[in-house]
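Please load the coordinates in a viewer and keep the selection panel to hand. The tour proceeds by selections, each followed by an account of what is found there.

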Amino acid sequence: MILNVPDSNSTRRRFLKTAAAATAGTFLSGMRSFPSNIARAQDPPACPTAPSGGNPFAAGSDTRPIVLRKSISALAPSELSELQTAFANLRALPSGDNRRWLLEADVHALFCDQCSGVNMQIHGSWNFFPWHRAYLYYYERILGSLVGDLDNFRLPYWDWENSRSMPSPYRNPGNTGNPLWDSSRDSGIAGGGNLPASDGTTSRIHTLYGITDFASFGGTAAFAGACENDPHNIIHSDVGPAASPFEDMGNLGYAARDPIFFAHHCNIDKLWSGWNGQPGGTGTDFKNPTDSGFLTARWSFYDENQKVVSISAADVLDHRNNLRYVYTLPRIRIPIYYEIYICELICCLPGPDPLSFLKVSQEVRETLLTQFRESTPMVLVLHGVEIPEDVTGVFDVAAVRGDRRLQIGSLSVLADTMADKRHKPITLVLDITRAAEDLLAPEKPAGIRLFARHEKENKSKPFILRAQSAQIRTERRGAKPQA
Ligand code: C2O
C-alpha cells in the first residue's frame, strides 16, 4: 500500500528528470517502459511485513535440470531478451502481488536491518553468503516463471574481474524503457566507465583464494569475512553514486532496486563456490563452517507461487544438487598454502594523522624480510576491525612511509538507513607484497592509514585501524606439509 506511493518531493524531482531522459533516449523495441515511481519508490524504505515461517525447503525437491549460470557477456541474444522480459514482467506486477519487484527489493532491505523495528541483519557475519544465495535462488525462480521458463532460466553474473565496465544491457538504453536500467548510479559507471583499477580484480580474487579458513574469507557469527568488504562492498560503492545517500547500490536499504545487484551478487556467489572448489587444502581448508549456529540459520522468502517458503543455510551449500545451477569455475590455480606469522597492530603515533603500525618480533621480521626479497606474496589479515558508528564511505588503505604511499587494500562502509548505527566488525585482507619492507622496517616503519576516496563526504572521515588480532600470511606453493 504505502509501498507504491511516490509521495516524496525527491521522488517527484527524480521522476521529472527521468521522464526527460526517457524522451530523449531510444526505447527497446517492444519493451514496456516502467513508471519512475516503481523504479525509485519511497524514501526512505518503509518495509513491508517480513515473510516468516512458510513451507521448509526439502533437499532433493527441486528436480529441474542443472543449468549453467553464465556471464552476461556470454548470453545468447535470446537469453538476454528473456532476461529483459523477465525484469519487465517483474516490474509490471500489481501492488498486491507477493513477487512484485519492489517487495522483493524490500525483502533485501528487511534482512539488512533497514526497516525500523525489525532486527534481522544478515550482513556482517557468516550469514552473508548463504542468505544471498537463498535470496537469489527464489528471485531467479520468480523471474524464470514470469517468462514461462522456470526450468532453464538462470541469473547471469557480472564478472567484474573480467568486464571492467558495467555490462551494456544494464546501461543501454539509459531510460525507463530498459528494465535493467536504474536511474541512480555513479555517472561514470552509468556512462560505461571502468571500475577503479584496484577494485574487484583477478589479483584480488587470487589473494582471497589463498585464504583457506572460512572465518577470514566468509566471516563468523560475530564479524564479516574479507570478501564482504572487498570486493562485495567496494563494487556496491563503485556502482552507487559517489555522494550521500549513495543509493541505490551504495546504500543497503536500496541496493536491490538496481537490477545490477543480482548480477553482482551472482558473481559474489560464484566467488564463494570457487573458493569451496580450491585444491590443495587440508582439514577445514576451503570448507564451510560445520557449526550448528551457521547451518541451522533459516530465512523466509516468497516463491514464484507467491507462497512463503523457508530455507536454511545448510540447504544452500550444495547449489548444484539442491538449487540446480552450476558455474564454470575460474581456472583452478596451483595449490598454495600460507605460513602464518602472528603480529600486532599497534596504535598510534601522536600527530594530525594518527597511524597504526605493525609490531613483530626480531626473528619474524628477519624471516619476512627475506621472503620479501624473494618476492613472496604476503597478506596482512586483520580480524575484528571496528568501524566507528558514524562512518560511511570508501577508503584506500595504504602503507605510508615518508613520501612513499603504497596502496595495500580498500575498505567500504556502505550507507544504510538502520536505526541501530553500530557496524559489525570486519575482516581485512590486505596485500602487503610490495609494502612489507616499509611496514617491517626496523627504523621509522610505514604506518597504515586510510584515505577517503570522496573527501568531501563528511561521514567519510578516515579513522584509526584497530584490530582484535593480526597475522601476516606468506604464500607457499605446493601441498601444505602435514602437521
Ligand atoms: Cu545484501 Cu550486496 O548486499
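## Strands around β13

Strand β8 (residues 378–385) and β13 pair in the antiparallel sense, over six bridges. The model in view is a predicted one. Within this pairing, select His383 and then Ser469, which is its bridge partner in β13.

Add strand β6, residues 336–347, to the selection. Together with β13 (residues 469–477) it forms an antiparallel pair over eight bridges. To follow the register, pick Tyr341; the residue standing opposite in β13 is Ile472.

Return to β8 and select β11 as well. These two strands also pair in the antiparallel sense, here over five bridges. Leu382 may serve as a marker, since Leu428 in β11 stands opposite. Is strand β11 enclosed by the rest of the structure or open? Of the six residues of β11 (residues 426–431), five are buried, so the strand is largely enclosed by the rest of the structure. When inspecting any of these strands, one may keep in mind that side chains in a regular strand alternate between the two faces of the sheet.

## Cys343

Select Cys343, which is found in strand β6. Is Cys343 buried or exposed? With a relative accessible area of 8%, Cys343 is buried, because the cut-off for that class is under 20%.

Now display the surroundings of Cys343. Neighbours within four places in sequence being left aside, Cys343 contacts Leu358, Lys359, Val360, Leu380, Ala470, Gln471 and Ile472. For Ala470, draw the C-alpha to C-alpha distance from Cys343: the two are 5.4 Å apart in space, although 127 residues separate them in sequence.

## The nonpolar cores

Next, select Leu90, Tyr135, Trp158, Phe262, Phe301 and Ile311. Among the 79 residues of the largest nonpolar core, these touch the most other members. Helix α5 (residues 128–146) contributes the most to this core, namely 12 residues. Colouring by domain is useful here: at least three residues of the core come from each of domain 1 (51–326) and domain 2 (336–477).

Centre the view on Tyr135. Which residues does Tyr135 touch, not counting those up to four places away in sequence? They are Glu104, Ala105, Val107, His108, Ala256, Phe261, Phe262 and Phe301. A second core, separate from the one just described, has 39 residues; Leu358, Leu382, Val413 and Ala436 are among them.

## Aromatic rings and charges

Show the aromatic side chains. The count of aromatic pairs comes to 27. One of these pairs is formed by Tyr325 and Tyr327, in an edge-to-face arrangement with 5.5 Å from centre to centre and 70 degrees between the planes. Tyr325 and Tyr327 are both buried.

For a cluster of rings, select Phe57, Phe87, Phe111, Trp131, Tyr135, Tyr137, Tyr138, Tyr139, Phe261, Phe262 and Phe301, which ring pairs link together. Tyr135, visited above, thus appears both in this cluster and in the list of residues that touch the most other members of the largest nonpolar core.

Two charges over rings come next. The charged end of Arg91 lies over the ring of Trp101, at 4.6 Å from the ring centre. Lys270 places its charged end over the ring of Tyr157, where the distance to the centre is 4.9 Å.

## Backbone geometry to inspect

The last stop concerns the backbone. Most peptide bonds are trans, and most residues other than glycine have a negative phi.

Select Asp230 and Pro231. The peptide bond between them is cis, with omega near 20 degrees. Pro231 is found in helix α9, residues 226–239. Move on to Glu247 and Asp248, where the peptide bond is likewise cis. Its omega is near 10 degrees, and Asp248 is placed in the loop between α9 and α10 (260–276).

Then select Arg324, in the loop between α13 (319–323) and β5 (325–326). Phi of Arg324 is positive, near 70 degrees. Arg324 is buried, with a relative accessible area of 15%.

Finally, go to Lys444, in the loop between α15 (436–439) and β12 (447–452). Phi of Lys444 is also positive, near 40 degrees. Is Lys444 buried or exposed? Its relative accessible area is 72%, and Lys444 is therefore exposed, the cut-off being over 50%.

How values were computed
Residues numbered from 1 in each chain as written. Predicted model: local features only at pLDDT ≥ 70, side-chain atom pairs only at ≥ 80, totals over all residues. Heavy atoms only, no water. Phe/Tyr/Trp six-rings, centres within 6.5 Å; stacked < 30°, edge-to-face > 60°. Buried < 20%, exposed > 50% of the residue type's maximum accessible area, 1.4 Å probe, protein only. Lys NZ or Arg CZ within 6 Å of the ring centre and 35° of its normal. Pairing = 2+ DSSP bridges. Helix = DSSP H or I, 4+ residues; strand = E, 2+ residues; numbered from the N terminus. Core = buried A, V, L, I, M, F, W, Y, C linked by side-chain atoms within 4.5 Å. Domains from an automatic or database assignment. Contact = heavy atoms within 4.5 Å.
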